[in-house]
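Colleague: I've got this model open and I'd like a close look at one part of it, the empty space. Could you walk me through the pocket and the cavities, and then through the parts of the fold around them?

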Amino acid sequence: MASGPPAPLTDAHVHLPAYADAARDVVASAQSRGMRLVSVSVSAVDAAPNFRLREENPSTVRCFIGIHPSEAVAARGDIEKLAPMWERADGVGEVGLDPKYSEVSPGSAQMELFKAQVELAERLRKPLQVHSRGAEDACLDVVEGHALPSLLMHWFEAEESVGRVISRGSFVSFGPAILYSKKLLRIAKKCPPELAFVESDGPVAFTGLGGAEGPGLVPSVAFKLAEAWGKSFDEAVSQLSLNEKKFFR
């Protein structure tokens with residue numbers, strides 16, 4: 001019996017607007033590989049170009065609109081400005097908490113912005129992508145109080161809190177750092193294959209990979225996950241494709 005075509009790989013988290021004039025080349029390269037891209041925005045400034053890339057490439061690009069924690073202090077009023085785009089976007093992201101940028105205590109600009117966007121995802125029934133570096137449990141405390149259609153913890157690194165994520169059926173994405181990080185590999189082994197995604201976080205470059213970056217690294221990430229799970233590459237890719245369908249149900 002002839003097998004069907006291979007399942008497509010999806011880069012679950014890439015910043016296409018950050019590539020500026022090269023963004024269309026990144027999309028074209030992904031198309032040539034049969035890949036899909038979930039492109040996230042981080043501010044009101046890059047939301048429109050992100051949305052435009054989705055409109056130009058609807059079969060390849062999904063568009064998430066969000067305000068990143070790094071923009072929290074300067075983002076007052078931006079939620080209202082972005083409201084029409086959120087209605088038409090594929091999801092909400094990249095949002096979250098990160099003490100690297102500013103205070104994350106109750107009542108802080110970051111916390112209030114994060115809560116507002118979580119509530120928006122809940123109200124619009126949109127998938128949510130969360131950045132939680134250095135504030136993993138604080139992020140989980142917020143999202144666990146909401147009925148979200150689907151949740152992806154982008155590049156989750158809190159090994160001790162993985163159980164909290166998977167117990168509620170949330171997804172975890174793994175990026176190129178898993179190719180050299182023992183901690184991320186341990187997290188991958190704890191994460192059920194049916195709750196995983198792969199991502200590049202492009203155009204973030206990885207010194208551990210000689211400065212390599214972009215969606216072209218995603219197949220290598222999928223191969224590493226296949227090893228961690230004791231699966232073939234094709235089995236891992238098929239599972240990741242099923243996860244995408246479930247996430248965007």
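Modeller: Sure, let's start with the lining of the largest pocket: by class it has five nonpolar, seven polar and five charged residues. Keep in mind that this is a predicted model. The pocket itself holds about 330 Å³ of space. It is lined by 17 residues, and the closest to its centre are Glu94, His131, Arg133, His154 and Asp201.

Glu94 is worth a second look. Glutamate 94 sits in strand S4, residues 91-96, and the peptide bond that joins glycine 93 to glutamate 94 is cis, with omega at about 10°. There is another cis peptide bond between glycine 202 and proline 203, again with omega of about 10°. Proline 203 belongs to the loop between S8 and H8.

Now the closed spaces. Rolling a probe the size of a water molecule over the atoms shows where empty space is left. With 30 Å³ or more as the cut-off, there are two cavities.

The largest cavity has a volume of about 40 Å³. Around it you'll find Pro8, Leu9, Thr10, Phe197, Val198, Leu240, Ser241 and Glu244. H9 gives the largest share of that lining, three residues, while S8 and H9 each supply at least two. Sorted by class, the lining of the largest cavity has five nonpolar, two polar and one charged residues.

The second largest cavity comes in at about 30 Å³. Its lining consists of Thr10, Ala12, Val38, Gln129, Leu152, Phe197, Phe247 and Phe248. By class that makes six nonpolar, two polar and no charged residues.

S8 and H9, which came up with the largest cavity, turn up again around helix H8. What covers the buried residues of H8 includes strand S1 (10-14), strand S7 (171-174), helix H7 (182-190), strand S8 (196-198) and helix H9 (233-247). As for geometry, H8 has 12 residues, 218-229, which at 1.5 Å a residue should span 16 Å; the end C-alpha atoms are 17 Å apart, and that agrees. The buried residues in H8 are Val218, Val221, Ala222, Leu225, Ala226, Ala228 and Trp229. Looking down the axis of H8, you see these buried residues fall within an arc of 160°, so they line one face of the helix. Just after H8 comes glycine 230, with a positive phi of about 70°.

Two of those buried H8 residues, Val221 and Leu225, are contacts of isoleucine 178. Isoleucine 178 lies in the loop between S7 and H7. Its relative accessibility is 1%, and with buried meaning under 20%, isoleucine 178 counts as buried. Leaving out residues up to four places away in sequence, isoleucine 178 touches Leu184, Leu185, Ala188, Val221, Lys224 and Leu225. For a sense of distance, isoleucine 178 and leucine 53 are 28 Å apart in space, C-alpha to C-alpha, and 125 residues apart in sequence.

Helix H1 can be read the same way. In H1, residues 23-32, the buried residues are Ala23, Val26, Val27 and Ala30. Viewed down the axis of H1, they fall within an arc of 100°, so they line one face of the helix. They pack against strand S2 (36-40), helix H2 (44-56) and strand S3 (61-65). On the face of H1 turned away from its buried side are the exposed residues Asp25 and Ser32. Glycine 34, just after H1, has a positive phi of about 75°.

Last, a couple of backbone angles you may want to check on your own screen. Alanine 20, in the loop between S1 and H1, has a phi near 55°, a positive value in a residue other than glycine. With a relative accessible area of 53%, alanine 20 is exposed. Arginine 125 isn't a glycine either, yet its phi is positive at about 60°. You'll find arginine 125 in the loop between helix H4 (109-124) and strand S5 (128-131).

Notes: Residues numbered from 1 in each chain as written. Predicted model: local features only at pLDDT ≥ 70, side-chain atom pairs only at ≥ 80, totals over all residues. Heavy atoms only, no water. Helix = DSSP H or I, 4+ residues; strand = E, 2+ residues; numbered from the N terminus. Expected span 1.5 Å × (residues − 1). Buried < 20%, exposed > 50% of the residue type's maximum accessible area, 1.4 Å probe, protein only. Arc of directions from axis to C-beta. Contact = heavy atoms within 4.5 Å. 1 Å grid on protein atoms, 1.4 Å probe; cavity = no way out; pocket = protein on both sides within 12 Å on 5 of 7 lines; lining within 4 Å. Points joined across faces, edges and corners; volume = space filled by probe spheres on them. Nonpolar A, V, L, I, M, F, W, Y, C, P; charged D, E, K, R; others polar.
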